[in-house]
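Me: I'd like a close look at one part of this model, and then a walk outward from there. Here's what I have in front of me.

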Amino acid sequence: MVAQAPHDDLQDDEKLAARQKEIDDWLPITSSRNAKWWYSAFHNVTAMVGAGVLGLPYAMSQLGWGPGIAVLVLSWVITLYTLWQMVEMHEMVPGKRFDRYHELGQHAFGEKLGLYIVVPQQLIVEIGVCIVYMVTGGKSLKKFHELVCEDCKPIKLTYFIMIFASVHFVLSHLPNFNSISGVSLAAAVMSLSYSTIAWASSASKGVQEDVQYGYKAKTTAGTVFNFFSGLGDVAFAYAGHNVVLEIQATIPSTPEKPSKGPMWRGVIVAYIVVALCYFPVALVGYYIFGNGVEDNILMSLKKPAWLIATANIFVVIHVIGSYQIYAMPVFDMMETLLVKKLNFRPTTTLRFFVRNFYVAATMFVGMTFPFFGGLLAFFGGFAFAPTTYFLPCIIWLAIYKPKKFGLSWWANWVCIVFGLFLMVLSPIGGLRTIVIQAKGYKFYS
């Protein structure tokens, strides 16, 4: 029996490293690391300011003035804090980068447990958002069609969702985060535009006659369930954390100039834009329409038709960008699994099939269950609250172990309690909304 030469071992290691590098250069998250700080700004705006912003006046009507404002402000502060934690933790181990949320989870909780904790939640959020955006894109296209062509024969929502999906069958083949930066910039501009249209045209309408600010539900149970549902809508509106490490992975980093500097600058700009979108829409919309506001504020603004049609097209363009940002980490997971675990060759053909399959699957589910409002609250509490409000805090406590009862310790526990409260209560309200809406629902109508 001849002992293997150390030289052969070296060659094997080199081959392994070369293959690893080839795979990393091909995967969407790690293949391009030359992003500028402003990429982080508009990727974060696109990820954060989703169609959820249009549901905020409705959430306010379910929460009421006091609790509504408190939950909005608290969410803004807490999610900015947890986002800062994630940016800080991206490179806390010298010479290593946690390019994906689950890699950070594995560092905190161990190889297996980290995966089990993070991946299911992250996938629920990302796939959930993609499905909800399929529905939103389809609904906004349908509304645009109705406004522009009043005499046309009505077309089923199902077909509009298919039209919206057709764009993604093309865009999904852009290889990585940096290649979608143009789409993302357009989407970020659109989110600011339609939010401004929503609150400015509400304000120009003036407070409606017989406007009421009390709770709409007649029963105590109804009021409580609606309150829970409103919490879920707010949780859904702050969901950018699921892609933040993946966005930061595209920024170059050296020991002298770590990526957290430019990333944090982008996050601050993004959060100012988020405040400019969320607070005026939520407060002005609720002030003008009271508890009679629709679950999408654009539906309450019937006139002028051209302006509402424009806003709906802006929503479509924005949601196209958002869909791509949330789909990219899912593509990365699927391609990693196929290439690293199942030893497929990293080829364009593989990518073509994987991504088309994903777009087709989200389209199909969106066409089958388009209960927009209820889905938001249900997914919002179930998966957004953990990944956005308290998972970063738990990871922070596990890794840094701050002093008991110190400022950092208290700050993290407050976030964890608030996040748990959201996670438990909002799916209850959302599920009830889905049940009520589903009673009179016909498939593919």
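Which are the buried residues of helix 5 (residues 101–109)?

Reply: Keep in mind that this is a predicted model. In helix 5 (residues 101–109), the buried ones are Tyr-101, His-102, Glu-103, Leu-104, Gly-105 and Gln-106. Just after helix 5 comes Gly-110, with a positive phi of about 105°.

That positive phi is a handy thread to follow, so let's look at two residues other than glycine. Asp-210 has a phi near 40°, which is positive, and Asp-210 is not a glycine. You'll find Asp-210 in the loop between helix 8 (181–205) and helix 9 (220–237). With a relative accessibility of 73%, Asp-210 is classed as exposed because the cut-off for that is over 50%. Then there's Asn-343, another non-glycine residue with a positive phi, this one near 55°. Asn-343 sits in the loop between helix 13 and helix 14 (348–368), and its relative accessible area of 55% makes Asn-343 exposed.

Now step into the helices beside those loops. Helix 8 contains Ser-201, which is buried at 7% relative accessible area. Leaving out neighbours within four places in sequence, the contacts of Ser-201 are Thr-196, Leu-301 and Leu-307. For a sense of scale, there are 31 Å between the C-alpha atoms of Ser-201 and Met-367, residues that are 166 apart along the chain.

Over in helix 14 you can pick out Val-359, buried with a relative accessible area of 0%. Not counting residues up to four places away in sequence, Val-359 touches Met-134, Ala-165, His-168, Phe-169, Ser-172 and Tyr-323. The C-alpha atoms of Val-359 and Ile-272 are separated by 32 Å, with the two positions 87 residues apart along the chain.

Next, a helix pair. Two packed helices are described by the angle between their axes and the distance between the axes. For helix 4 (residues 65–89) and helix 11 (residues 260–289), the axes come within 11 Å and cross at roughly 170°. That angle is over 145 degrees, so helix 4 runs roughly antiparallel to helix 11. On the helix 4 side, the residues in contact are Trp-65, Ile-69, Leu-72, Val-73, Trp-76, Thr-79, Leu-80, Leu-83, Trp-84, Val-87 and Glu-88. Facing them from helix 11 are Lys-260, Met-263, Trp-264, Val-267, Tyr-271, Val-274, Ala-275, Phe-279, Ala-282, Leu-283, Tyr-286 and Tyr-287. Sorted by type, the residues of this contact are 20 nonpolar, one polar and two charged.

Several of those names come back when you look at the largest nonpolar core. That core has 116 residues, and the members touching the most others are Tyr-238 and Tyr-278. Its largest share, 16 residues, is supplied by helix 13 (residues 305–341). Try centring your view on Tyr-238. Setting aside residues up to four places away in sequence, Tyr-238 touches Met-48, Leu-72, Ser-75, Trp-76, Thr-79, Tyr-271, Val-274, Tyr-278, Phe-279, Thr-388 and Tyr-389. Among these, Leu-72, Trp-76 and Thr-79 also take part in the contact from helix 4, while Tyr-271, Val-274 and Phe-279 do so from helix 11. There is also a second, separate core of seven residues, including Ile-23, Leu-27, Val-339 and Val-354.

Last, the cysteines. A disulfide is a covalent bond between the sulfur atoms of two cysteines. The count here comes to one disulfide, and it joins Cys-149 to Cys-152 with an S to S distance of 1.5 Å. The torsion about the S-S bond of Cys-149 and Cys-152 is about 65°, so this disulfide is right-handed. Both ends are partly exposed: Cys-149 has 24% relative accessibility, and Cys-152 has a relative accessible area of 32%.

Cys-393, on the other hand, is in no disulfide; the nearest cysteine sulfur belongs to Cys-415 and is 4.1 Å away. A disulfide needs the two sulfurs within 2.5 Å, so at 4.1 Å this pair doesn't qualify. Cys-393 is buried, at 0% relative accessibility. Cys-415 is likewise in no disulfide, and its nearest cysteine sulfur is that of Cys-393. With 4% relative accessibility, Cys-415 counts as buried too.

Notes:
Residues numbered from 1 in each chain as written. Predicted model: local features only at pLDDT ≥ 70, side-chain atom pairs only at ≥ 80, totals over all residues. Heavy atoms only, no water. Buried < 20%, exposed > 50% of the residue type's maximum accessible area, 1.4 Å probe, protein only. Axes fitted to C-alpha atoms, helices over the stretch in contact; angles between N-to-C directions. Helix = DSSP H or I, 4+ residues; strand = E, 2+ residues; numbered from the N terminus. Parallel < 35°, antiparallel > 145°, perpendicular 65-115°, else oblique. Contact = heavy atoms within 4.5 Å. Nonpolar A, V, L, I, M, F, W, Y, C, P; charged D, E, K, R; others polar. Core = buried A, V, L, I, M, F, W, Y, C linked by side-chain atoms within 4.5 Å.
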